[in-house]
Each structure stands twice: as C-alpha cells, then as structure tokens.
Number of protein chains: 2
Amino acid sequence: MLNFDYYNPTRISFGKGKISELDKLVPQGAKVLVLFGGSSARKTGTLDEVKQALGQRELVEFGGIEPNPTYETLMRAVEVVKAENIDFLLAVGGGSVIDGTKFVAAAAVFDGEPWDILLKWGANVTQAMPFGTVLTLPATGSEMNNASVVTRKSIKAKLPFRNDHVYPQFSILDPTKTYTLPERQVANGVVDAFVHITEQYLTYPVNAAVQDRIAEGLLQTLIELGPQVLANPDDYDIRANLMWVATTALNGTIGSGVPQDWATHMIGHELTALYNMDHARTLAVILPSLLTLTKEAKREKLLQFAHRVWRLDQGSDDEKIDLAITKTREFFEAMGIPTRLSDYDLGKQDVDAVIAQLEAHGMVALGEHENIDLAMSRDILTLSL
Amino acid sequence: MLNFDYYNPTRISFGKGKISELDKLVPQGAKVLVLFGGSSARKTGTLDEVKQALGQRELVEFGGIEPNPTYETLMRAVEVVKAENIDFLLAVGGGSVIDGTKFVAAAAVFDGEPWDILLKWGANVTQAMPFGTVLTLPATGSEMNNASVVTRKSIKAKLPFRNDHVYPQFSILDPTKTYTLPERQVANGVVDAFVHITEQYLTYPVNAAVQDRIAEGLLQTLIELGPQVLANPDDYDIRANLMWVATTALNGTIGSGVPQDWATHMIGHELTALYNMDHARTLAVILPSLLTLTKEAKREKLLQFAHRVWRLDQGSDDEKIDLAITKTREFFEAMGIPTRLSDYDLGKQDVDAVIAQLEAHGMVALGEHENIDLAMSRDILTLSL
C-alpha cells in the first residue's frame with residue numbers, strides 16, 4: 001500500500017425526506033444563492049422543496065448552469081454573489097451544478113483572475129465561500145469531494161481543479177429525487193461511477209487489499225443494479241444504492257494509498273469540449289480501448305478484475321482479460337450507451353482534432369505510469385472508432 | 001437502506017515515516033500532554049520519535065493508561081491538564097489510550113461530574129479539547145470515530161459514550177509501529193475488527209448493497225491476512241492492510257444506513273469488567289453462541305455471510321449457516337484465541353455474576369431487535385461455557 005493522507009469533512013444527510021434538514025444545516029440568517037441547472041429542478045418541485053426548507057432566509061436564484069459548466073456562466077454567478085452580498089451557496093443538481101458551485105465558491109473570494117485557478121489545478125486557492133449541495137443526479141461524486149471540472153467555451157478547454165477549501169460543508173442525498181431523471185442521465189451516472197472506480201482500481205498492484213475489495217464490491221453493485229434501475233426506475237433501494245455507490249466511488253475511500261490512472265477521463269474531456277459528447281459517453285468509448293492497449297502494464301489488476309468482479313475462471317489469462325474487457329463494453333451497451341466513436345458520427349479526422357487539444361493542454365504523459373503520450377492516445381482513439 | 005447521517009472529519013496520515021508530520025499537524029506553540037499506556041511506547045522508541053517530531057513544543061507526559069482505561073486513571077490526567085494549562089492532547093497507543101484521551105478531552109472542559117458523561121452516553125458533551133492520535137495497535141477503530149469506552153474500577157462498570165466533539169483532529173497510522181506488538185495483541189486486534197464488522201453486518205437485510213459488499217470485503221481481508229500476520233510479522237503490506245481494515249471497520253463506512261447489533265460487545269464488556277478478560281477474547285467467546293441462538297432472526301444475513309464471505313455453496317441453508325458459524329469460531333481459534341468461557345476458567349456461577357451486572361447496567365434489551373433480554377443473555381453465556 002502506498003502512503004496516503006485522507007481527509008473528508010463533508011457531512012452527508014442521506015435518505016427520503018432529508019431536504020427538510022436544510023434548515024439546520026444552512027446558517028441562520030445567511031443570504032443564500034441557490035444555484036441550479038435547467039428547468040428540471042423547478043418542474044420536479046425540488047427547488048420549491050428546497051426553498052420551503054430554507055424558511056425565512058433571504059434567497060437569490062441562479063439557474064442555467066449547463067452540463068459541463070462553463071467559466072462564462074459561472075463568472076456571471078460570481079458577479080451575483082458580489083452584487084447581492086451572498087454569504088452561503090447552495091447547489092441543487094448533479095455534478096455539473098456542484099462542480100460549478102465549487103468554482104464560484106473559490107472564484108468569488110479569489111485574489112486575481114479566476115481562470116488561473118484552473119491553470120494551476122487549484123493549488124493557488126487559499127479560501128472559498130461555504131456551500132452545501134442537494135444532489136439530484138448520482139454520478140460524479142462531486143457532492144463529497146474537493147474536485148471540480150470547468151469548461152471555457154471560448155477556447156474549448158475543459159480543465160479540473162481540486163482544493164480542500166471546496167469540500168461541500170454538507171450534501172443532502174435523497175434517492176427519491178432521482179426517480180424523475182431521464183433514462184439517459186441515469187445510465188450516464190452508472191457508467192460515470194463505474195469508470196471512476198476503474199480509474200483508481202485498474203492500474204498496478206500495490207497490495208492494497210482493503211481498497212481493492214471495496215472497489216470490487218462497488219463495481220459488482222453497479223453491474224448488478226445498473227440494468228435493474230432501467231427496468232424498475234421507482235425502486236427506492238436500487239436508487240439509494242446507486243446513489244451511494246457513486247458518492248463512495250470518488251470520496252477518497254478507494255483512491256487512498258493506490259496508484260491512479262485518469263487517462264480515460266483526460267482524453268474523454270477533450271471529446272466533450274470539442275463535440276459536446278456526454279461525459280459518461282466519452283468514458284464508455286475510451287475505456288475499453290485504453291484497457292486493451294495497456295493490457296500488459298495493467299495485467300495483474302485486469303486478471304483480478306476478471307476473476308473477482310466478472311467471476312471469470314475459464315481459459316487462459318489473456319482470454320480472461322479480453323473477456324473482462326468485452327463484458328465491460330457489453331455492460332455499457334446494456335445501459336444504452338454506445339461505445340464507438342462512429343456511433344457518435346466521429347471519424348478519423350476527429351482523432352487529429354482531439355490529439356491537437358491534448359497537446360495544447362499538456363496532456364502528453366497520462367496514466368498511472370505517465371507513459372500514455374500523444375502517439376498512444378492516438379492509438380486509443382483510433383481503436384475506439 | 002435506512003436513512004443515515006455520516007460525518008467524519010478526522011484527518012488520516014497513513015504510512016511509514018508519517019510520525020514526522022506531527023510538526024505540521026499539532027498547532028505551533030501548543031502545550032501538549034502526551035498520553036500513553038505502559039512501557040512499550042518508550043521501549044520501542046515510538047515515544048522518542050513523537051517527541052522529536054514535536055520539536056520545540058512544551059510537553060508533559062502522562063503514562064500508565066491501562067488496557068480498558070479507568071475513570072480513576074483518566075481523572076488524574078484531567079488534573080494534569082488543568083494544573084499544567086495543557087491546550088492539546090496527543091494519544092500514543094492503541095484503542096485504550098485513544099478512548100481514554102477522548103474522555104480526558106471531554107472531561108477536562110465538562111461542567112459537572114465527568115462520570116455523568118458515561119451515564120448519559122455522551123449526549124451531555126458540548127465541547128472537548130482538541131487532540132490527535134498516533135496509533136500503535138490496530139483494533140478498535142477509535143482513531144477515526146467519535147466513540148470511547150471507559151471502565152470505573154470501583155464499581156466494575158465498563159460504559160461507552162460517543163459525541164462528535166471527540167473525533168480526533170488527526171490520526172497517524174504507521175504500520176511499521178505495529179511490528180513489535182506481542183502476538184496476543186495482534187490476534188486480539190484482528191478478532192476485535194472482525195466482530196466490529198459483524199456487529200454492523202449480521203443483522204437483518206435492508207438492501208444496503210454498498211455497505212454489505214464493503215463489510216464482506218473487509219471480513220475477507222481479515223480472514224486472508226489474519227493468519228498471515230502471525231507467520232510474517234514484519235510484512236509491511238499485511239500490517240498496513242490489517243491496520244486499515246480495523247480503522248475502516250468502525251469509522252462509519254459500513255455502519256451507515258444499516259441496523260446494528262452490538263449485543264456481543266455489551267455482554268463482553270461485563271466479562272472484561274468482572275474478570276479482566278481481554279476485550280477481543282470476550283467477543284470471540286460470545287459471538288459464536290450469539291449467532292447460534294439468534295439464527296432465525298439473522299437468517300438471511302447469515303446465509304449471505306456463508307455464501308459471500310466463506311464461499312459455502314453446498315448443503316442446506318441450515319448447514320451453510322452452521323458451517324459459517326463454525327468457521328468463524330475456527331478462525332478465532334486459529335488466531336490463537338480460545339472461544340469458550342471454560343478456557344478462561346469461568347463456569348456456571350460466573351454466568352450469574354455477568355447477568356447481575358447486565359441487569360445493573362440496564363442491558364436488558366440488546367441487539368438489533370432489542371429482544372436479547374436477560375434470559376437470552378443467560379442462554380448465550382451458558383452456550384459459551
């Protein structure tokens with residue numbers, strides 16, 4: 001096991017009816033900016049439930065935070081925070097709204113040009129406004145970590161940052177709030193959580209038995225419940241478990257003390273920035289190809305994945321590994337998510353464009369061995385056609 | 001899954017050499033009371049390493065915190081805190097030293113008679129001194145939770161309390177510090193962690209797939225590595241994984257959103273208070289009998305335990321359950337821990353004494369169904385003879 005530091009002070013309030021606890025979680029007398037995405041927060045009644053729970057507090061609404069939240073939109077929220085003397089932020093939504101709120105929390109009190117936060121990966125953040133979240137879309141884990149990804153539309157850049165000051169003070173996870181999600185977003189969430197786990201699990205062994213067993217348990221839960229949620233969208237326990245898997249997948253539990261990959265995410269981010277592909281769909285396209293082409297470096301963990309997660313005990317080691325990768329692809333497809341670039345009308349010429357963006361963003365040494373260079377990224381993308 | 005609240009702000013610093021980070025974890029200028037147990041902290045050099053890492057800070061030592069720390073000893077530490085104007089506590093040891101330090105942290109600033117903290121299970125604690133820990137004995141999980149157990153020798157009472165104010169600010173877990181532990185303490189730690197997990201896992205099903213999978217992974221890790229640590233006491237990764245299992249077993253990860261039992265602990269506490277039996281040994285004696293006698297109420301989870309943890313797929317359901325309980329007993333015995341009261345020279349007359357203590361302490365409705373009354377406790381103890 002590698003040495004590690006673990007720290008996660010986010011308070012989780014989990015279960016049906018928990019939105020009512022906002023009144024004790026948000027400081028009395030705070031002037032609150034409620035940040036949300038499109039019209040669904042309003043249509044589903046969640047926004048009203050939130051406002052009612054906040055009681056007499058003065059509220060300002062900021063809607064319109066888009067999927068893959070943009071710097072352009074978020075800087076407008078920063079202006080509202082300053083103009084309205086806001087002192088608490090409340091994100092109501094999924095990973096995009098929460099990621100965006102983290103950026104607003106840091107940017108509103110940042111000394112300098114806030115885009116620098118992204119350019120320095122968050123290392124220059126020394127304070128942030130307090131904020132909480134009401135999660136409506138389980139997927140990214142942003143509700144219980146210190147990471148965020150922001151897109152700058154004008155230069156087609158999608159960049160991450162992380163800093164301990166942007167842990168949510170609390171997150172409310174009410175599984176019933178996910179009943180009304182479109183099937184596409186539910187499927188995306190399952191795949192997103194799955195790949196968050198593989199990014200921390202499918203690397204090379206360091207004898208981290210605890211983290212491995214937990215990662216395997218989370219993957220098994222997704223494989224078991226992912227198809228079930230599509231068939232039984234109103235089953236509370238399925239929703240609750242998928243919600244809690246997605247949070248646990250990226251709150252430090254399985255990532256502490258192990259090497260991490262994240263190449264699939266970095267390549268995927270460029271596909272989203274260039275072609276507006278759903279984040280999870282980029283991961284579903286890239287992961288199978290990446291695993292195929294890094295099979296030797298990931299050999300031992302892929303075998304463990306085949307054995308413990310997919311229960312594959314027949315055939316040669318190579319056959320087991322190949323079958324585990326095939327089953328992973330089939331799982332994504334069974335969730336209704338196509339796994340080829342051609343399924344998204346992208347072709348060879350687009351590979352060049354992605355490689356140019358990776359180069360422009362310095363993504364030239366990706367993966368747990370930092371050996372996925374531009375040539376290897378090109379091979380991965382080509383195999384994904 | 002049941003509704004739950006999860007909050008755990010303890011910072012973990014894990015790995016070889018991490019004691020050196022004390023300098024950045026303990027406030028500069030703090031006057032520190034270093035609390036420890038017997039002579040081993042001094043003999044092994046850990047105390048010296050801690051003192052060196054604390055640099056120029058003014059230190060006071062308080063040694064002699066016993067296994068099952070006593071109110072009598074801890075109140076002497078409280079006096080030292082007050083007399084010396086201590087402003088930070090540092091526990092160096094295992095669960096007993098850490099539990100004791102939690103009590104000192106709360107009692108030193110408690111308004112009233114500190115024994116009331118135990119009588120009210122901690123509900124009356126409104127503040128506590130800041131403290132950190134350097135863990136040398138993985139077992140109780142106290143290094144990353146808000147719970148503590150204190151014994152009052154004069155009345156042979158061993159009582160728990162919990163409160164969010166007694167989360168350690170940080171805990172340093174250096175697996176190499178466990179190399180010099182006596183085999184008996186290592187074995188006790190493995191069994192203690194095992195039973196912490198079963199207390200939260202072997203109840204009745206609430207479709208908490210995530211918590212179940214994690215609990216099963218932790219149990220499998222203990223079953224796999226427990227015997228190995230006895231054979232290879234200097235293997236870093238075995239030590240690291242056992243240390244991290246013990247912490248994860250009781251930091252809220254597997255206990256959130258599920259029913260909990262804890263009857264084995266409550267009965268075991270009386271055995272320790274009366275006969276000074278090692279805590280883990282009381283658990284190893286009680287658990288197999290308790291599972292046997294609550295088989296019907298725990299049926300579904302016992303079958304899941306048999307199937308997923310012990311991989312038992314042959315025979316009738318009853319046979320699988322009985323074999324899983326037998327294998328659990330055999331695992332404890334393989335760790336060198338006898339599992340019968342008679343192995344500790346206790347007999348029928350001692351059952352009466354334990355029952356009298358349970359009654360005196362109000363332990364008359366134990367377990368996840370609160371249906372383990374004194375008659376059932378008597379049956380469990382009798383079956384443990």
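**Thr328(B).** I began with Thr328(B) in this predicted model. Is Thr328(B) buried or exposed? I count Thr328(B) as buried, because its relative accessibility is 2% and the cut-off for buried is under 20%. I placed Thr328(B) in helix α13 of chain B, residues 317-334. Next I listed what Thr328(B) touches, leaving out residues up to four places away in sequence. I found Phe194(B), Leu287(B), Phe305(B) and Trp310(B).

**The core.** Phe305(B) came up again when I looked at the largest nonpolar core. That core has 237 residues. I noted the residues with the most contacts inside it: Leu89, Phe103 and Phe305, in chain A and in chain B. Nonpolar side chains tend to be buried together in soluble globular proteins.

I then followed Leu89(B). Which residues is Leu89(B) in contact with, neighbours within four places aside? I read off Leu33(B), Leu35(B), Val81(B), Thr101(B), Val104(B), Ala105(B), Met129(B), Pro130(B), Phe131(B) and Gly132(B).

**Val32(A).** I moved to chain A and found Val32(A) in strand β3, residues 32-36. Val32(A) has a relative accessible area of 0%, so I log it as buried. Beyond four places in sequence, Val32(A) touches Val26(A), Ile86(A), Phe88(A) and Leu90(A). Arg57(A), Glu58(A), Leu59(A) and Val60(A) are also on its list. I checked one distance: the C-alpha atoms of Val32(A) and Ala107(A) are 17 Å apart, with the two positions 75 residues apart along the chain.

**Domain record.** I looked up chain A in UniProt. The unreviewed entry lists residues 9-175 as "domain: Alcohol dehydrogenase iron-type/glycerol dehydrogenase GldA". I computed 28% helix and 24% strand for that span. Its end C-alpha atoms lie 22 Å apart.

**α8 against α8.** How do helix α8 of chain A and helix α8 of chain B pack? Each runs over residues 209-231. I get an angle of about 145° and axes 8 Å apart. The crossing of α8(A) past α8(B) is right-handed. Both helices contribute residues to the contact, including Ile214(A), Gly217(A) and Leu218(A) from α8(A) and Ile214(B), Gly217(B) and Leu218(B) from α8(B). Arg213(A), Glu224(A), Arg213(B) and Glu224(B) are among the contact residues too. By class I have ten nonpolar, six polar and four charged residues in this contact.

**Ser154(B).** Last, a loop. Ser154(B) sits between β7 (147-152) and β8 (157-162) of chain B. I count Ser154(B) as exposed, because its relative accessibility is 57%. I put its C-alpha atom 13 Å from that of Met75(B), 79 residues away along the chain.

Conventions: Residues numbered from 1 in each chain as written. Chains lettered and ligands numbered in written order. Predicted model: local features only at pLDDT ≥ 70, side-chain atom pairs only at ≥ 80, totals over all residues. Heavy atoms only, no water. Core = buried A, V, L, I, M, F, W, Y, C linked by side-chain atoms within 4.5 Å. Buried < 20%, exposed > 50% of the residue type's maximum accessible area, 1.4 Å probe, protein only. Contact = heavy atoms within 4.5 Å. Axes fitted to C-alpha atoms, helices over the stretch in contact; angles between N-to-C directions. Helix = DSSP H or I, 4+ residues; strand = E, 2+ residues; numbered from the N terminus. Left-handed = near helix turned anticlockwise from the far one by under 90°. Nonpolar A, V, L, I, M, F, W, Y, C, P; charged D, E, K, R; others polar. UniProt positions renumbered as here; feature names shortened; annotations may be inferred.
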